[in-house]
Amino acid sequence: MKVAALNIEQVAGNKTVSRADGKIIYEKIKELWNTNDQVLVDFGNLVIASVSFMDEVFGHLALEYPGEELRKKLKLLHINDYDRALLNDIILSRVRQRNLEVRRRDGRRRSGKVELLAKRGRSK
């Protein structure tokens with residue numbers, strides 16, 4: 001299994017607030033996404049607490065990829081509880097949006113549970 005790691009603090013420093021800051025991390029993850037089986041994103045216990053940043057990175061991934069693929073491929077390390085809760089809200093919202101778009105496009109209803117990506121107590 002080919003695994004790549006991305007440390008947010010090393011890439012972004014303290015620039016973890018705006019959508020423009022998030023786009024940098026998003027693009028780095030996308031570079032690693034197609035050439036690796038798993039992408040580890042290390043938050044380094046930073047407190048990000050920015051909806052704009054988190055949505056630009058992880059919300060966009062949730063719109064592009066099914067929840068199951070996100071859970072298998074993306075692993076979050078050293079994320080604090082506040083950011084975990086924020087991220088879960090963003091992922092849940094974007095997965096719902098994606099499912100609605102798929103239903104509209106396919107003309108049918110889909111059902112199923114949405115599991116949270118960043119489960120409590122799973123950061124390393």
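Where is His78 found? In this predicted model, His78 sits in the loop between β3 and α5. With a relative accessible area of 26%, the residue falls into the partly exposed class, because that value is neither under 20% nor over 50%. The side chain of His78 makes a polar contact of 2.9 Å with that of Asp42. His78 also comes to 8.1 Å from Leu46, C-alpha to C-alpha, although 32 residues separate the two in sequence.

Past that loop comes helix α5, which covers residues 81-106. Its 26 residues should span 38 Å at 1.5 Å a residue, and the 37 Å between its end C-alpha atoms agrees with that. At the start of α5, a side-chain oxygen of Asn80 gets to within 3.0 Å of the backbone nitrogen of Tyr82. At the other end, α5 is followed by Gly107, which has a positive phi, near 70°. The buried residues of α5 are a mixed bunch: Leu86, Leu87, Ile90, Ile91, Val95 and Val102 are on the list, but so are Asp83, Arg84, Asn88, Arg94 and Arg98. Helix α3 (51-64) and strand β3 (74-77) are among the elements that cover them.

What about the core? The largest nonpolar core has 28 residues, and those touching the most other members are Ile8, Ile29, Val41, Phe43, Met54 and Phe58. At least two core residues come from each of α1 (8-12), α2 (19-33), β2 (38-42), α3, β3 and α5. The biggest contribution is that of α3, with 6 residues. In general, nonpolar side chains of soluble globular proteins tend to be buried together.

Phe58 gives a good view of how these pieces meet. Leaving aside residues up to four places away in sequence, Phe58 touches Ile29, Val41, Phe43, Leu74, Leu76, Leu87 and Ile91. Two aromatic pairs are counted in the model. In one of them, Phe43 and Phe58 are stacked, with 5.9 Å from centre to centre and 25° between the planes. This pair ties together distant parts of the chain, since Phe43 belongs to the loop between β2 and α3, Phe58 belongs to helix α3, and their positions lie 15 residues apart. Both Phe43 and Phe58 are buried.

The loop between β2 and α3 has some backbone oddities too. Asn45, which lies in this loop, has a positive phi of about 60° despite not being a glycine. Ala49, in the loop between β2 and α3 as well, likewise is no glycine yet has a positive phi, about 50°. Most residues other than glycine have a negative phi. Asn45 is exposed, at a relative accessible area of 52%, whereas Ala49 counts as partly exposed at 39%.

Thr16 is a loop residue of another kind. It lies between α1 and α2, and at 7% relative accessibility it counts as buried. Apart from residues up to four places away in sequence, the contacts of Thr16 are Ile8, Asp21, Ile48, Ser50 and Phe53; Ile8 is also one of the core residues that touch the most other members.

Turning to charged side chains, the model holds 9 salt bridges. Lys23 and Glu27 form one of them, at 3.8 Å from N to O. Both residues lie in helix α2, 4 residues apart, or about one turn of the helix. Residues three or four places apart in an α-helix point the same way, because there are 3.6 residues a turn. Lys23 and Glu27 are also both partly exposed, at 41% and 39% respectively. Helix α4 (residues 67-73) repeats the spacing: Lys72 and Glu68 are 4 residues apart, about one helical turn, and their closest N and O atoms are 3.9 Å apart in a salt bridge. Here Lys72 is exposed at 56%, while Glu68 is partly exposed at 40%. Beyond these pairs, Arg19, Asp55, Glu56 and Arg94 are joined into one network by salt bridges that share partners. Of these, Arg94 is among the buried residues of α5.

A further salt bridge joins Glu64 to Lys30, with 2.7 Å between the closest N and O atoms. This one connects distant parts of the chain: Glu64 is in helix α3 and Lys30 in helix α2, 34 residues apart. Glu64 counts as partly exposed, at 32% relative accessibility.

Technical notes
Residues numbered from 1 in each chain as written. Predicted model: local features only at pLDDT ≥ 70, side-chain atom pairs only at ≥ 80, totals over all residues. Heavy atoms only, no water. Expected span 1.5 Å × (residues − 1). Buried < 20%, exposed > 50% of the residue type's maximum accessible area, 1.4 Å probe, protein only. Contact = heavy atoms within 4.5 Å. Polar contact = N/O pair within 3.5 Å; in protein donor to acceptor, adjacent residues only side chain to side chain. Core = buried A, V, L, I, M, F, W, Y, C linked by side-chain atoms within 4.5 Å. Phe/Tyr/Trp six-rings, centres within 6.5 Å; stacked < 30°, edge-to-face > 60°. Salt bridge = Lys/Arg side-chain N within 4 Å of Asp/Glu carboxyl O.
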